[in-house]
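Below are some notes for a colleague, set out as numbered points. Please read them with the coordinates open beside the text.

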There are 2 protein chains.
Amino acid sequence: MTGTVPPRHHDIAADLRQQITTGRLQPGERLPSETVLAQRYAISTVTLRRALSALQGEGLVEKIHGKGNFVRRPHRKIMYVGGWGTLDPWTAAEPALRVSVRSSTVPAHGDLATLLNVPLGSPLAEFSCLSIEGETLHGLARIYVPRDLTPAAVLDDDSADRQALTRFAVLGPQPATTQETVCTRPPTPDESSALRIGTAAPVLAVTRVSTDSAGRVVEAALLTFPGDRVDAVFTTHHANPERQTSA
Amino acid sequence: MTGTVPPRHHDIAADLRQQITTGRLQPGERLPSETVLAQRYAISTVTLRRALSALQGEGLVEKIHGKGNFVRRPHRKIMYVGGWGTLDPWTAAEPALRVSVRSSTVPAHGDLATLLNVPLGSPLAEFSCLSIEGETLHGLARIYVPRDLTPAAVLDDDSADRQALTRFAVLGPQPATTQETVCTRPPTPDESSALRIGTAAPVLAVTRVSTDSAGRVVEAALLTFPGDRVDAVFTTHHANPERQTSA
DNA sequence: CAGTGGTCTAGACCACGAA
DNA sequence: TCGTGGTCTAGACCACTGT
């Protein structure tokens with residue numbers, strides 16, 4: 001009576017994982033077709049695809065319909081820096097970084113009105129951003145600023161404010177406090193296709209709300225990142241040394 | 001030539017999702033067996049299981065091997081409060097909250113030594129915590145404190161420090177700064193079984209490092225939460241009103 | 001034991017990408 | 001057109017939970 005048998009697809013995944021991490025399979029290389037791999041391992045294609053699915057979730061393999069399965073180039077991990085509201089300097093300074101920004105004016109609806117604490121239908125400036133490096137999508141952002149608080153300069157393509165969007169930075173008047181809520185979830189179909197990730201790969205979502213000293217919400221941002229490519233880091237300075245763990 | 005046909009399992013998932021969100025299926029209720037559901041929808045069990053898998057990822061359904069599929073009671077979302085290093089007060093005050101804590105002394109190895117910035121093999125106090133409310137697991141934590149910085153009181157079962165573990169709070173001497181790195185990933189097999197979640201459901205992982213004013217690392221914590229049950233919130237106060245979005 | 005979910009198969013057909 | 005991944009089936013067998 002030894003232990004129970006581990007699922008077959010775990011074995012396959014482990015084998016492929018090792019071949020990738022040891023360099024036996026090179027980054028960018030195409031794996032043999034699923035049919036061939038299935039025959040080689042003497043398993044069905046369904047089982048093989050389960051194994052590949054796990055590796056895709058780990059960010060080791062990229063599946064491209066009609067082309068094949070590819071060993072993913074180890075992406076530099078992007079760092080979202082909380083409080084500052086931007087990508088880390090190394091990433092932000094990356095010359096290959098492109099950003100597509102689309103701006104428009106929309107009425108506040110539902111959750112947005114709640115987030116920004118404005119009446120339903122208030123005009124908001126909306127900025128939709130996609131951060132792109134080469135073929136890789138780093139993340140997408142939708143940033144909302146009340147229309148009457150939107151700096152005019154942001155509409156100029158070359159303004160500093162506009163450039164700030166490259167790093168998902170905070171817009172609008174200087175905030176007094178920034179609150180960021182982080183959660184993880186499966187991607188929506190939209191996000192899944194926009195970020196070119198599978199429906200299995202989780203995303204890291206950040207909801208950022210910045211408030212000025214008068215308590216007005218000056219900006220709300222909905223940020224979505226591929227979970228396997230991004231970390232978020234938050235630093236807290238405890239200015240007042242008080243014991244904080246006591247009841 | 002209308003659009004392409006959506007995958008069948010999407011339809012099934014959408015139908016079940018609606019039945020759950022509209023209350024047609026009550027929380028805690030057991031769904032018909034997969035065999036029955038598959039027959040009812042006239043699909044194979046494999047396809048049905050795909051649909052259920054999606055719902056499980058969304059936190060709507062809980063699968064229990066040998067018993068059935070159940071509509072998940074809408075769990076209060078737990079909030080991990082960054083900087084403070086604890087669960088939100090409402091959760092922390094929950095009387096039904098139990099915590100299993102196991103403490104031991106381990107030598108610093110590999111990543112731990114790097115995180116804590118201590119020599120390899122230094123003695124560390126390790127606290128393994130599982131937070132439990134009823135049948136639900138909120139998260140698990142492994143907290144490490146250099147042995148020579150460990151308050152003796154923490155070994156008492158009733159001390160305030162010990163109680164603090166209930167909320168995953170910071171241990172050890174008062175830190176000057178706390179840095180928390182948040183990422184999402186698929187659960188390890190260990191975490192998957194410990195938290196009773198599927199291998200598809202992503203987890204939210206927080207690595208917390210606290211440093212005192214002398215730059216010594218006084219605590220490192222590895223926290224893992226089921227992604228669908230926990231948000232992490234971080235608040236930043238911008239004491240020095242400087243424009244931060246300019247280049 | 002019976003009933004449940006978990007894994008797997010062999011083969012069919014569809015959708016995408018590059019000729 | 002061909003080769004690729006994507007979806008689906010019908011049925012088999014295994015593993016877990018309760019009686």
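1. The surface near DNA strand C is a convenient place to start, bearing in mind that this is a predicted model. By class, the residues of that surface divide into five nonpolar, 14 polar and six charged. In total, 25 residues surround DNA strand C, and the closest are Arg8(A), Ser44(A), Thr47(A) and Gly66(A), together with Ser33(B) from the other protein chain. The elements that give two or more residues to this surface are α1 (8-21) and α3 (45-57) on the side of chain A, while chain B contributes through α2 (34-41), α3 (45-57) and β2 (68-71). The largest share, four residues, comes from α3(A).

2. DNA strand D can be read in the same way. This strand is surrounded by 25 residues, of which the closest are Ser33(A), Arg8(B), Ser44(B), Thr47(B) and Gly66(B). At least two residues each are supplied here by α2 (34-41), α3 and β2 (68-71) of chain A, and likewise by α1 (8-21) and α3 of chain B. The element that gives the most to the surface near DNA strand D is α3(B), with four residues, and the residues of this surface divide into five nonpolar, 14 polar and six charged.

3. How is chain A divided into domains? Domain 1 covers 8-71 and domain 2 covers 78-233. The contact between them takes five residues from domain 1 of chain A and four residues from domain 2 of chain A. On the side of domain 1 that touches domain 2, the largest share, three residues, comes from α3(A), and this side has no nonpolar, four polar and one charged residues. The helix α3(A) therefore deserves a second look, because, with helices taken as DSSP runs, α3(A) gives the largest share both to that side of domain 1 and to the surface near DNA strand C.

4. For chain A as a whole, the secondary structure comes to seven helices and 11 strands. Of its 247 residues, 38% count as buried. Among the contacts in chain A between residues at least 6 apart in sequence, 59% join residues at least 24 apart.

5. Is Thr181(A) buried or exposed, or does it fall in between? This residue, which is found in strand β8 (residues 177-185) of chain A, counts as partly exposed because it has 16 C-beta neighbours inside 10 Å, whereas 20 or more would be needed for a buried residue. Leaving aside its neighbours within four places in sequence, Thr181(A) is in contact with Thr207(A) and also with Asp231(B) and Val233(B) of the other protein chain. The C-alpha atoms of Thr181(A) and Gly82(A) are separated by 9.9 Å, although these residues are 99 apart along the chain.

6. The backbone at Asn117 may be worth checking in both protein chains. In chain A, the phi of Asn117(A) is near 60 degrees, a positive value in a residue other than glycine, and Asn117(A) has its place in the loop between α5 (111-116) and β6 (123-133). With 15 other C-beta atoms within 10 Å, Asn117(A) is partly exposed. In chain B, Asn117(B) also has a phi near 60 degrees, again positive in a residue other than glycine, and lies in the loop between α5 (111-116) and β6 (123-133) of that chain. Asn117(B) is partly exposed because 15 other C-beta atoms lie within 10 Å.

How values were computed: Residues numbered from 1 in each chain as written. Chains lettered and ligands numbered in written order. Predicted model: local features only at pLDDT ≥ 70, side-chain atom pairs only at ≥ 80, totals over all residues. Near = placed C-beta within 6 Å. Nonpolar A, V, L, I, M, F, W, Y, C, P; charged D, E, K, R; others polar. Buried ≥ 20, exposed ≤ 12 C-beta atoms within 10 Å, placed from the backbone. Contact = placed C-beta atoms within 7 Å. Domains from an automatic or database assignment.
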